[in-house]
Amino acid sequence: MQIFDCPRQFQQACLSARQKGELALVPTMGFLHEGHQSLMRKAVEHRTSALSIFVNPSQFGPQEDLARYPRNLERDLDIARELGIDLVFVPEPASMYPKGFDTWIEPGSLSLPLEGQERPGHFRGVVTVVLKLLNLAQCSHAYFGQKDFQQLAIIRRLVLDFDLPCEIVGLPTIREPDGLALSSRNAYLSPEERERALSLSKGLKAAQTLFAQGERDPVSLEQAARKDIEKAADSVDYVSLRDVESLQVPQVIEAGKVVLLLAARVGNTRLIDNAVLGL
Ligand code: AMP
């Protein structure tokens, strides 16, 4: 396994690897868990696999958790080695955003609601760094989790709009046995908060059950999820049923065509989760 902190050297290694065949990239912010590892296991099936670990400052708002975001590089490298990752890219912020950096990607309508509304500038930072990572890695494939449903939709759009020769692969959310979606931010939760955080996946399950029973009224479906979460969480940012493609309020409520997205705060930790209904 080769480890790079210099963008140019990482790109050189990727360019050489690409002459021999496919290269799959898994972009992460590190503190790797089973969710990340599910993406990495798919990436290593390609001729060359690359992992990036970069806590991207530009996607954090001024009041957000950039400084305390959990990190454990040694452990992450052990996991990557174990899974058979070929190239690891661990840049410093100053080499990704050197003095004079002045070009930003402005995502469109997919980035406006939900996370975009709650976290102004977040997706501008995400899309800019993802474009840089895809350009550096010259990857034929890039793996992302459906856990960040809106992010995945925006990145698919980026690749289409900018004609990037890279296939974006979205993989299902990995959960703890009790339903809690894995997230690096779960490390912030006390045992008592973790218990309350379970209300997010419970809420999604309640809406799934109601949908399976034939309910198609969006407000009732949202209410079913919201009830559990409002009881347990300290605040709820949104619980919203959306069209899986446009992320707009859906015109038709059909199995596989609508996704229930939610964000809530438990203690100081902001958590997100989602489920496509009827799947
Ligand atoms: P992050 O390190 O949080 O930026 O996540 C890196 C990648 O892992 C993103 O594509 C996430 O969507 C994905 N990911 C995070 N949590 C999970 C999970 N529980 N299951 C599957 N993928 C995940």
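Select E115 and R270 in this predicted model. Their side chains form a salt bridge, with N and O 2.7 Å apart. The pair ties together distant parts of the chain: E115 belongs to helix α5 (residues 115-118), R270 to strand β9 (residues 269-276), and the two positions lie 155 residues apart in numbering. Both E115 and R270 are buried. Add D237 to the selection: E115, D237 and R270 are linked in a network of salt bridges. Across the whole structure, a search finds 15 salt bridges.

**Two bridges within helices**

Go next to helix α3 (residues 73-83) and pick D78 and R81. These two residues form a salt bridge, their closest N and O atoms being 3.1 Å apart. D78 and R81 are three residues apart, so about one helical turn separates them. An α-helix has 3.6 residues a turn, so residues three or four places apart point the same way. D78 is partly exposed, at a relative accessible area of 45%. R81 is also classed as partly exposed, with 45% relative accessibility.

Now move to helix α7 (residues 149-161) and select R157 and D161, which sit four residues apart, about one turn of the helix. The closest N and O atoms of their salt bridge are 2.7 Å apart. R157 is partly exposed, with a relative accessible area of 40%; for D161, likewise partly exposed, the value is 42%.

**An arginine without a salt bridge**

Select R242, in strand β7 (residues 235-243). Which side chain of opposite charge is nearest to R242? It is that of E222, 6.2 Å away. R242 is buried yet has no salt bridge, because the cut-off for one is 4 Å. What the R242 side chain does have is a polar contact with the side chain of S240, at 2.9 Å. To see the surroundings, leave aside neighbours within four places in sequence and show the residues in contact with R242: P113, L114, L247, Q248, V249, P250, K257, V258, V259 and L261.

**Helix α9**

E222 leads to helix α9, where it is one of the buried residues. Select residues 218-232 to show the whole helix, which has 15 residues. From first C-alpha to last, α9 reaches 22 Å, close to the 21 Å expected at 1.5 Å a residue. Centre the view on R226, where α9 bends by about 30 degrees. Then colour the buried residues of α9: L221, E222, A224, A225, I229 and A232. What covers these residues? The cover includes α8, β7 and β8 (258-266).

**From α9 to α8**

A232 gives the last step of the tour. Select R196, which is found in helix α8 (residues 191-212). The side chain of R196 reaches the backbone oxygen of A232 at 2.9 Å. The R196 side chain also has a polar contact of 2.7 Å with the side chain of E192. With neighbours within four places in sequence left aside, the contacts of R196 are A232, A233, D234, V266 and G267. Show R196 together with A232 to finish: A232 is among the buried residues of α9, and α8 is part of what covers them.

Key
Residues numbered from 1 in each chain as written. Predicted model: local features only at pLDDT ≥ 70, side-chain atom pairs only at ≥ 80, totals over all residues. Heavy atoms only, no water. Buried < 20%, exposed > 50% of the residue type's maximum accessible area, 1.4 Å probe, protein only. Lys, Arg positive; Asp, Glu negative; His and termini not counted. Polar contact = N/O pair within 3.5 Å; in protein donor to acceptor, adjacent residues only side chain to side chain. Contact = heavy atoms within 4.5 Å. Expected span 1.5 Å × (residues − 1). Bend = angle between axes of the 7 residues up to and from the residue.
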